[in-house]
Amino acid sequence: MNEYGFKAADATLSSIGLGQVETAYWNLSPAELVEETLDRGEGVLTDNGALAIDTGEFTGRSPKDKYVVYDDITKDSVWWGDVNNKFDAEKFDPLFNRVAAYLTGKEVYVRDAYACADPTYRLNVRVVTEFPWSNLFANNLFLRPTTEEIAAFKPDWHIVCAPGFKASKDIDGTRQHNFAIMNFTKKIILIGGTGYTGEIKKGIFTLLNYILPHEKQVLSMHCSANQGKNGDTAIFFGLSGTGKTTLSADPNRKLIGDDEHGWADNSVFNFEGGCYAKCIDLTKEKEPEIWNAIKFGALVENVEFKEGTRTVDYTNVSKTENTRVAYPINHIDNALEPSAGGPPQNIFFLTADAFGVLPPISKLTTAQAMYHFISGYTAKVAGTEMGITEPQTTFSACFGKAFLPLHPGKYAELLGKKLKANPNINVWLVNTGWTGGAYGVGSRIKLSYTRALITAALEGQLNGVEYGETPFFKLAFPKSCPNVPSEILEPRNTWADKAAFEVQAIDLATKFVKNFEQYASGVTQEILEAAPRVQAVNA
């Protein structure tokens, strides 16, 4: 086997059964990986220097083809079913050996990296990829060791990514030819049949969602985080379309990270060393931080160009609506490095309520925080996804259900434990959706008002004001806020038809209750009692 690049003296691929590859390139620089990609005809440079590639057949994750090996470690701890599919432990080695045989005689690219910016929880990861651009993704998204750290590097886990290998469901026990399999006994994540790079990122996120809460009592979170000038930390949860990226990207606050974090006793820390941002309809005016981060070293996926140019057309969704860019966090001017802050003072749950029921901002009790954390609610409206013509409720447990190997109640209980230990932490439910009526009748809450509400919360301006309480959801909302009209703060009063509001509110509360039935057996009575009440106001 030929080897190039810098590595630890005792580093080897033979230890995991990949000793028969033709050439292994270790820890190549971004420039070298870009050059390799171009030489192989697998990508082109955009006019701003980023590398553009296509991930092939798959332009997004394939949840039904994501597996956890069912063994002594996982059988009684993993939340099986729905998002966690079992893979037969006896079939893993034969499948791995078939992938190894496929890679025999080929070039591979090896990246030594790590996850978790808090050194107490650092996880060393060795990533072996078939393609150089997959390795560039790993360089950008994971934390990057120093030369001295690489010289002494010992991996805790391996990722092997072979997009060109296609499994046989009859031989290998997979659902179809693509797969992403996590093996806690072997400490290997095996990816095949798909070039979508997000499988690499979310594989480690899922792993940390198991290790940190289950073994370390650290709350793993699908959220963004930033730090104020006084060192205060804020956390932002929210599903797609709620404004999480926009609202956490504050020029007056340092970005800790945009997607994956851990909350330990003394820190909130980024799992990653970069960002994997959506590009659909990207403009310099709407998202200047992301726009300016797309330069040499960044990896742009599945985009199209304006005719006759190398200028990306971010409005073109002919390949996918899930166009993406991966870049190291130091491409963001106001990024905090190392990517760790203190425990949070404010936590924001962002929801785009298309039904006009939830207040623009409300302050949650600890029990309500746990309940709404598990619910992970937002609503999708026409134009957000293909086929949606009217508002649809969307619930994703802990704002990241697809990546939870444990029961959502475990994460909520850990959140409650931290909130009870730190009673000065404020948890806010922020509605970035509709007011004065549902979608089609009311209007979208102005972004300037949402920013003002979040600023007021961060600066403590909502601590001493008078609060009211909404019907059904029993949410405490401030009756006044600087730079926000007081009349929009109470949802019911913004509706011309109060009876219609009540009908809509009961309907949404009923959907919350119905959704929560799947989690009821795995949560405490305290959480269950925080559910909305669905009885009519005058009943």
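How many residues in the lining of the largest cavity are nonpolar, polar and charged? In this predicted model, that lining divides into 6 nonpolar, 3 polar and 3 charged residues.

**Stop 1: the largest cavity.** Select T245, S248, A249, L255, D258, C275, E287, E289, I290, Y327, I332 and N334, which line the largest cavity. Then colour helix 7 (244-248) and helix 8 (288-293), the elements that give two or more residues to this lining. The space they help to line has a volume of about 130 Å³. The structure holds 4 cavities of 30 Å³ or more.

**Stop 2: the second largest cavity.** Move to K66, A180, E199, K202 and G203, which lie nearest the centre of the second largest cavity and are among the 13 residues that line it. Show strand 5 (66-70), strand 10 (179-183) and helix 6 (198-216) as well, since each gives two or more residues to the lining of this second largest cavity. By class, the lining of the second largest cavity has 7 nonpolar, 2 polar and 4 charged residues. Its volume is about 100 Å³.

**Stop 3: the cysteines.** Select the cysteine sulfurs next; a search of the whole structure finds 0 disulfides. Why does C161 form no such bond? The closest cysteine sulfur, in C279, is 20 Å from that of C161, too far for a bond, as a disulfide needs the two sulfur atoms within 2.5 Å. C161 is also buried, at 4% relative accessibility.

End at C481, another buried residue, which has a relative accessible area of 7%; the cut-off for buried is under 20%.

Technical notes: Residues are numbered from 1 along each chain as its sequence is written. This is a predicted model: local features need pLDDT of at least 70, side-chain atom pairs count only at pLDDT 80 or more; totals for chains, interfaces and linings use all residues. Side-chain values use heavy atoms; hydrogens and water are left out. On a 1 Å grid over the protein atoms alone, a cavity is a set of points where a 1.4 Å probe fits but cannot get out, and a pocket is an open set with protein on both sides within 12 Å along at least five of seven lines; lining residues have an atom within 4 Å of a point. Grid points are joined across faces, edges and corners, and a volume is the space filled by probe spheres set on the points. Helices (H or I, at least four residues) and strands (E, at least two) are DSSP runs, numbered from the N terminus. Ala, Val, Leu, Ile, Met, Phe, Trp, Tyr, Cys and Pro count as nonpolar, Asp, Glu, Lys and Arg as charged, and the others, Gly among them, as polar. Buried means under 20% relative accessible area, exposed over 50%, partly exposed in between (1.4 Å probe, protein chains only).
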